[in-house]
Amino acid sequence: MTRETLVNLVILAALIGTALVAQALGEGFVVTLATKAAIFALAGVGLNLALGFGGMVSLGHAAFFGIGGYVCAILASHAASGQPVAVLPFTIAGTNEMPAIWPVAMAVSGLAAGLIGALSLRTTGVYFIMVTLAFAQMIYYFAVSWPRYGGDDGLSFYVRNSFPGLNTFDPIQYFAICATLLVLALGVCALILRARFGLALEGARQNPARAQALGIRPYGLRLTAFVLSGMIVGLAGALYADLNRFVSPAMLSWHMSGEIMVFVILGGVGRLCGPVAGAAIYILLEHLLGGVSDYWQVLLGLLLLGIVLFAPGGLVGLIAPRRRHV
Amino acid sequence: MSEPILELRDLRKRFGALVATDGVSLTLRPGEIHALIGPNGAGKSTLIKQILGEIRPDAGTIRFEGQAIDGLDVPARARLGLARSFQVSSVVPGFSVLQNVVLAVAGASGRIYQFHRPALRDPALVEPAVFHIRHAGLAGREGVLASDLSHGERRKLEIAMALALRPRAFLLDEPMAGMGLEGARQLTAILSDLRAEAPILLVEHDMDAVFALADRISVLVYGRIIATGTVAEIRADPEVRRSYLGEDAP
Amino acid sequence: MLLAEQALNGLQYGMMLFLMAAGLTLVFGVMGLINLAHGALYMVGAFACAAVAGATGSFWLGLGASLAAAAAAGALVELAVIRRLYARDHLDQVLATFALILVFSEGTRWLFGAFPLYLTLPPALSGAVTLPGGLQYPLFRLVIIGLGGAVALGLFWLIGRTRLGIRIRAGEADREMIGALGVDIARLYTIVFALGAGLAGLAGALVGTIQSVQVGMGEPVLILAFVVIVIGGIGSIKGALVGALMVGMTDTLGKALLPGLLARVTDAASANAVGSALASMLIYILMAAVLIVRPQGLFGVRAG
């Protein structure tokens, strides 16, 4: 076992352990914080697939987070009202079953990622950053100006969606759902990255000219990774919607995209469990610094600056150092 | 005479007022090393890029194993078996030697959209990769990170990756560049054996290597091929002596 | 008449976007740096204008202060942070400038509070003028159009005719070369960055006067400026101008006309809803179209 794998396992165990201990001590609030960290970590794991392993610096992943959230909230609100979501071309009824909501959330965010990715990947470098940011902003403005589902005010649903055999209102049980999905997503990513696809994706990131000379087209690889990444982030969005029983355009905002990126960076880019550590640290900072000052984001900004300028491997990089790729 | 593997017919490319390729025709026959020489700025790089598919010629056609490949992009030509090395060694720096060659085998197979089986435990990838690594003279170095290799070893790694493409032709762009005396001697031996795998179009400045290896030589000056022939013919060609080799040429 | 008024609004919006995009595109072109904090400098300009105009009672001093404060903040940020990022990859640049946004935004909220500030125009600039054809149009918006045009001309002159411009163009073409020419690159970069920041600050003050001055005002404009640059092409002042006018016009006319056009085919209520939602997406659709046809932008030379 490499030192990094060990660090990965310790980080995951710490997150799950925190929730269990908090549960035992009756600290429901801490369990909810841990749930939030697990969901943010899932979003970070998704972005990391595109950013860390595919080399695509996307500043538009809030689009997929928000789309996943809105799919969840829209289906739930229709289930509550009994109105179908659509009648043409065929009837789509609302639902409050998580196992039905998740695939839809992932499919819709994956579709959006396919469209945005197909266009954005025609560019590279700073263009790619600007274009992903702009497309996410387009969806943000659409949500703001589309009154059907709350527009600027967002959309609430009053009952958390259900999962067969579990009581999702119990914080520790909802945490278990989120943590399980996080572990599953990590497993899927680990598998994909060791397979031919991951090898080719990483090779095309490090040396695209060489990859092409070996008969590999980077565009298709990157687009596939971008779509997978969007689907995972969409799932995280659906879970986040259920955590709050509320969605708003804020989930789609550029600020959210930046935060998801911060989870990845705090932990260390291109490290499988980096986003888990990053999200946990982010939640911890928000909680601790937020208690010190209402303006805790100034401190977060300074910390982030410090990491970028002086510790480019992120915080996991400080514990399990690794040479940076050229 | 056997069918040429690679055939350029009347290739033309201009950039504004500069005529970089001015009606170049050239063949690469099975089993031969065909060296392309010429002074800097003669248009060698532009010609290579057209063969590889990085830029499109304005006119003329390129045939590979009898088939016109003008409409194909770089990866498609690579998968047909057109293997290249780069002027400056180009490998995946963060990959081990084995990973680099496994990547090449996977790329050549055209089946890179596999998501579950670990690539480094897939015998269909690893066995050929290990074979090519040995063939290129890198046995025992499989686990070394490519960025830790010496310059000469990186050249060998490039050759192993080219071999993994099951090449029908090699296009080697200044493989001797930056090699020491001993390295160049070793590489010359490897390239000489390589022609048994597939013919080589060799772009090279190192005249010792060219004269040692080439079966035929073409001389490119100002975008035109001014002479093609055996080593002896080229050495004797008065125009080549005047315009390229200079009077002190061997 | 309505159309003429909306066209002028679009022109004014476009000019404001140009002020924002011009600095960004220069910084991209010369230093190869993506600066998310450009929107924060826009906000700094607006707050400086509001604070100085509030304290002295002079709008003109406020406008001057917006330029000076944003340029000074830009120079400071360049010296302290940005110059460590030129050699880094784009990801580090995105993160560091995102961190700067957090610092600037929350810092401003701490200093000035969360409530929007409003600026009052001096009598000489307020009111409306009657244009040929009888259209009444606010004088201040015309001033913004004129100012934008003047800045555009000034930049074309600066880039095309002055020593600084030659150095900027050399820097865009080849970063190593200008070092070899003996140009003090570090100083050139600081100047270019401060120049871009000053223009952003001026834009912030002008828009803050029309709308309001508040924390977070910069980022939506920043993203629009990105759209402008993607359309116009990186590093091109001409591209920034054309792109800005295209975006300004498309957005304004789309929002004004689309609901009305849709009302002809469907009922008024849904036409309004669909129309305004669609209009908000128009400029991004324009950007997508440019990406399909010319990924390097209308006036861009390279993609990347």
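Me: In this predicted model, how enclosed is helix 5 of chain B by the rest of the structure?

Reply: The idea is to count how many residues of the helix are buried, where buried needs 20 or more other C-beta atoms within 10 Å. Here 12 of the 14 residues of helix 5 of chain B pass, so this helix is largely enclosed by the rest of the structure.

Me: Which residues of helix 5 of chain B are buried?

Reply: An α-helix has 3.6 residues a turn, so residues three or four places apart point the same way. In helix 5 of chain B the buried stretch takes in E153(B), R154(B), R155(B), K156(B), L157(B), E158(B), I159(B), A160(B), M161(B), A162(B), L163(B) and A164(B).

Me: And what covers the buried residues of helix 5 of chain B?

Reply: For that, look at the contacts. The cover includes strand 6 (82–85), helix 3 (97–109), helix 4 (123–135), strand 7 and helix 6 (181–194) of chain B.

Me: What length does helix 5 of chain B reach, from its first C-alpha to its last?

Reply: Set the span against the rise per residue. Helix 5 of chain B reaches 20 Å, close to the 20 Å expected at 1.5 Å a residue. Just after this helix, R166(B) takes a positive phi of about 45°.

Me: Moving along, where is R168(B)?

Reply: R168(B) sits in the loop between helix 5 (151–164) and strand 7 (169–173) of chain B. For burial, use the neighbour count again: R168(B) has 18 other C-beta atoms within 10 Å, so it is partly exposed.

Me: Which residues does R168(B) touch, not counting those up to four places away in sequence?

Reply: Leaving out that local stretch, R168(B) touches I5(B), E65(B), L80(B), G81(B) and A198(B). Sequence distance and spatial distance can also be set side by side for a pair. R168(B) and A214(B) are 46 residues apart in sequence, and their C-alpha atoms are 18 Å apart in space.

Me: How do I read the sheet order 2-1-4-5 in chain B?

Reply: Read the numbers across the sheet. Four strands form an open sheet with antiparallel pairing. Strand 2 (18–28) and strand 5 (67–68) of chain B are the edge strands, each pairing on one side only. Helix 1 (residues 44–52) of chain B packs on this sheet, where it touches strand 1 (6–15), strand 2 and strand 4, and its direction makes about 60° with that of strand 2.

Me: How many bridges join strand 4 and strand 5 of chain B?

Reply: Strand 4 (residues 59–64) and strand 5 of chain B pair over two bridges, in the antiparallel sense. In strand 5, A68(B) is the bridge partner of R63(B).

Me: What about chain B as a whole?

Reply: Start with the inventory: chain B has nine helices and 10 strands. Its radius of gyration is 18 Å, close to the 18 Å that the globule rule gives for 250 residues, so chain B is as compact as a globular protein of that length. Of those 250 residues, 43% count as buried. For contact range, take contacts between residues at least 6 apart in sequence: 67% of them in chain B join residues at least 24 apart.

Me: And how many residues do chain A and chain B bring to their contact?

Reply: Count each side separately: 21 residues come from chain A and 31 residues from chain B. On the chain A side, the largest share, six residues, comes from helix 7. By class, that side has 11 nonpolar, six polar and four charged residues.

Technical notes. Residues are numbered from 1 along each chain as its sequence is written. Chains are lettered from A and ligands numbered from 1 in the order in which they are written. This is a predicted model: local features need pLDDT of at least 70, side-chain atom pairs count only at pLDDT 80 or more; totals for chains, interfaces and linings use all residues. Two residues are in contact if their C-beta atoms, placed from the backbone, lie within 7 Å. Ala, Val, Leu, Ile, Met, Phe, Trp, Tyr, Cys and Pro count as nonpolar, Asp, Glu, Lys and Arg as charged, and the others, Gly among them, as polar. Two strands pair if DSSP finds at least two bridges between them. Axes are lines fitted to C-alpha atoms, for helices over the stretch in contact, and angles run from 0 to 180 degrees between N-to-C directions. The radius of gyration is taken over C-alpha atoms; the globule rule is 2.2 Å times the number of residues to the power 0.38. The expected span of a helix is 1.5 Å times one less than its number of residues.
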